[in-house]
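Colleague: I am new to this structure and would love a guided close look at one part of it. Could you take me through the sheet with parallel pairing, and then through whatever lies around it?

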Amino acid sequence: MRRPLDGVTVIDLGQIYNGPYATFLMAMAGAKVIKIEPPEGEKMRRRGAVGGAMLPFAMLNSNKQFVTLNLKSPVGLALLHRMVAKADIVLENFAPGTMDRLGAGYETLRALNPRLIYAAGTGYGSYGPNRDMLAMDLTVQAMAGVMASTGFPDRPPVKAGPALCDFFGGIHLYGAVMTALVRRERTGEGSQVEVSMLESVYPALSSTLGLYYGLGGENPPRTGNRHGGMAEAPYNVYPCSDGWVAMLCVSDKHWEGLAAAMGRPDMLRDPRFVDLQARVNNIDALDTLIGEWTGSLTKDALVAVLRAQRIPYAPVREIDEVVNDAHMHARGTLRRVDHPDLGTVVLPAGPMIFPGSEGVELVPSKGLGADNAVVYGDWLGVSPEELVALVEQGVI
């Protein structure tokens with residue numbers, strides 16, 4: 001079977017994480033993704049001057065074609081218009097209004113291609129009081145309540161380590177485009193979709209919001225490694241003699257299994273821990289008892305006991321352990337590749353698996369403008385002489 005998006009052509013104007021991740025998912029689903037960069041390169045590519053900062057660009061741009069194009073040039077804009085006329089999707093995550101100022105907004109492009117799906121990723125949306133606020137993952141985490149709910153109550157708020165808002169936005173942007181494709185199949189009409197990072201991450205606050213309403217509308221404290229809604233106990237990261245293990249009990253069966261693992265059946269009768277509400281009310285005492293027990297064990301020993309009792313757990317792993325995760329490598333969602341600029345690195349192949357579809361080779365990201373001749377010449381029909389002139393004029 002072919003890949004689900006075989007035959008779909010995407011013009012990728014994405015930058016940094018948000019847009020490029022959405023188009024990476026499309027590429028891994030079989031779409032032809034043409035990544036357009038300014039002649040000096042996309043912002044993420046330019047970060048390569050700092051240590052290993054080029055790796056994120058490689059992670060998000062596998063299996064794409066790479067062209068350069070100066071959209072501020074009338075000739076460059078005309079080339080974009082020609083590409084859009086042959087494409088199915090245009091995706092961008094510039095500041096709202098940027099594409100209109102360039103002469104490449106939705107209404108202009110729709111006139112060239114009524115079946116076009118135009119997708120915009122933004123920080124706060126294309127309208128509303130905060131439309132023009134500059135949006136990066138850090139600033140959206142601050143605006144979205146992520147920082148207010150991350151960390152410990154006696155310390156300043158901290159950002160989540162991963163770029164949650166960028167990637168939540170990219171995932172929802174992918175979903176919006178796929179929804180628009182279904183609509184186009186039914187109606188034959190293209191459409192415009194937009195996704196804001198702020199609105200994409202808000203639902204992830206669900207546990208914290210539960211605590212907020214449970215407190216009668218008071219701002220809840222940061223809960224550290226405990227449940228964000230303080231509605232589960234035990235629920236924490238517990239010390240071992242050689243590291244840490246995350247563990248929680250979602251059901252009474254889990255709780256009974258933990259008491260058995262600890263050799264403490266008396267805890268099941270202890271009024272402080274007799275039910276979930278009691279355990280939440282006495283969470284400090286409960287965590288102290290559990291921590292004293294886990295601290296006497298190695299990670300491996302604790303994991304073996306928790307696994308035997310079918311209690312939800314996971315060792316807290318370092319980054320090198322995650323990069324070399326045997327499970328994801330066995331599934332093919334992580335792959336070790338020889339990258340032309342980075343050497344041997346582990347890159348994601350995307351989390352979406354399509355059983356029955358043909359496998360896809362992971363093609364590493366390429367150099368700036370590597371596919372100019374293929375895309376502009378072979379696909380768009382620009383002559384070799386014109387290509388030379390475009391280079392000389394600084395258009396590509």
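**A walk around the parallel sheet**

Modeller: Happy to. The part you ask about is an open sheet of six strands, arranged in the order β3-β2-β1-β4-β5-β6 with parallel pairing. Please keep in mind as we go that this is a predicted model.

Let us begin at the rims. The edge positions belong to β3 (65-68) and β6 (191-196); each has a single partner strand, so one side of each is left without a neighbour in the sheet. From one strand to the next, the direction turns by 20 degrees on average, if you ignore which way the strands run.

Now step inside the sheet. Strand β1 (residues 9-13) and strand β4 (residues 89-92) run parallel and are joined by four bridges. To find one of these on your screen, look for Val-10, whose bridge partner in β4 is Ile-89.

Two helices that pack on this sheet are worth finding next. Helix α8 (residues 164-187) touches β4, β5 (117-122) and β6, and its direction makes about 160 degrees with that of β6. Helix α17 (residues 372-379) touches β1, β2 (32-37) and β3, and its direction makes about 85 degrees with that of β3.

Stay with α17 for a moment. Which of its residues are buried? They are Asn-372, Val-375, Tyr-376, Gly-377 and Trp-379. The cover over these buried residues of α17 includes the strands β1, β2 and β3, along with the helices α4 (74-85) and α18 (384-392). Just after α17 comes Gly-381, with a positive phi of about 85 degrees.

Next, return to β1 and follow the chain onward. The loop between β1 and α1 holds Ile-16. Most residues other than glycine have a negative phi. Ile-16 is not a glycine, yet its phi is positive, at about 60 degrees. Is Ile-16 buried or exposed? It counts as buried, because its relative accessibility is 11% and the cut-off for buried is under 20%.

The chain then enters helix α1 (residues 18-28), where 11 of the 11 residues are buried, so this helix is largely enclosed by the rest of the structure. Among the buried residues of α1 are Asn-18, Pro-20, Tyr-21, Phe-24, Leu-25 and Met-28. After α1 you meet Gly-30, whose phi is positive, near 110 degrees.

There is a residue to set beside Ile-16 on the way to the edge strand β3. Asn-63 lies in the loop between α3 (55-60) and β3. Asn-63 is not a glycine either, and has a positive phi of about 60 degrees. With a relative accessible area of 16%, Asn-63 is buried.

For a contrast in strand pairing, look at another sheet in the model. Three strands, in the order β7-β8-β9, form an open sheet with antiparallel pairing. Its edge strands are β7 (235-240) and β9 (313-315), each pairing on one side only. Here too, neighbouring strands are turned by 20 degrees against each other on average, direction ignored. Six bridges link β7 to strand β8 (residues 243-248) in the antiparallel sense, and Cys-240 stands opposite Gly-243 in β8.

On the way into β7 there is a detail in the backbone. Pro-234 sits in the loop between α10 (206-214) and β7. The peptide bond from Ala-233 to Pro-234 is cis, with omega near 0 degrees, while most peptide bonds are trans.

Helix α13 lies across β7 and β8, at about 35 degrees to β7. This helix (residues 283-294) also meets helix α11 (residues 252-262): their axes come within 11 Å and cross at roughly 45 degrees. α11 and α13 are therefore oblique to each other, and α11 passes α13 in a left-handed crossing. On the α11 side the contact is made by Trp-255, Leu-258, Ala-261 and Met-262, and on the α13 side by Leu-286, Leu-289, Ile-290 and Trp-293. Sorted by class, this contact has eight nonpolar residues, no polar ones and no charged ones.

To retrace the tour on your own, start from the sheet order β3-β2-β1-β4-β5-β6, find α8 against β4, β5 and β6, and then find α17 against β1, β2 and β3.

How values were computed. Residues are numbered from 1 along each chain as its sequence is written. This is a predicted model: local features need pLDDT of at least 70, side-chain atom pairs count only at pLDDT 80 or more; totals for chains, interfaces and linings use all residues. Side-chain values use heavy atoms; hydrogens and water are left out. Axes are lines fitted to C-alpha atoms, for helices over the stretch in contact, and angles run from 0 to 180 degrees between N-to-C directions. Angles under 35 degrees count as roughly parallel, over 145 as roughly antiparallel, 65 to 115 as roughly perpendicular and the rest as oblique. A crossing is left-handed if the near helix is turned anticlockwise from the far one by less than a right angle, and right-handed if clockwise. Contact means heavy atoms within 4.5 Å. Ala, Val, Leu, Ile, Met, Phe, Trp, Tyr, Cys and Pro count as nonpolar, Asp, Glu, Lys and Arg as charged, and the others, Gly among them, as polar. Two strands pair if DSSP finds at least two bridges between them. Buried means under 20% relative accessible area, exposed over 50%, partly exposed in between (1.4 Å probe, protein chains only).
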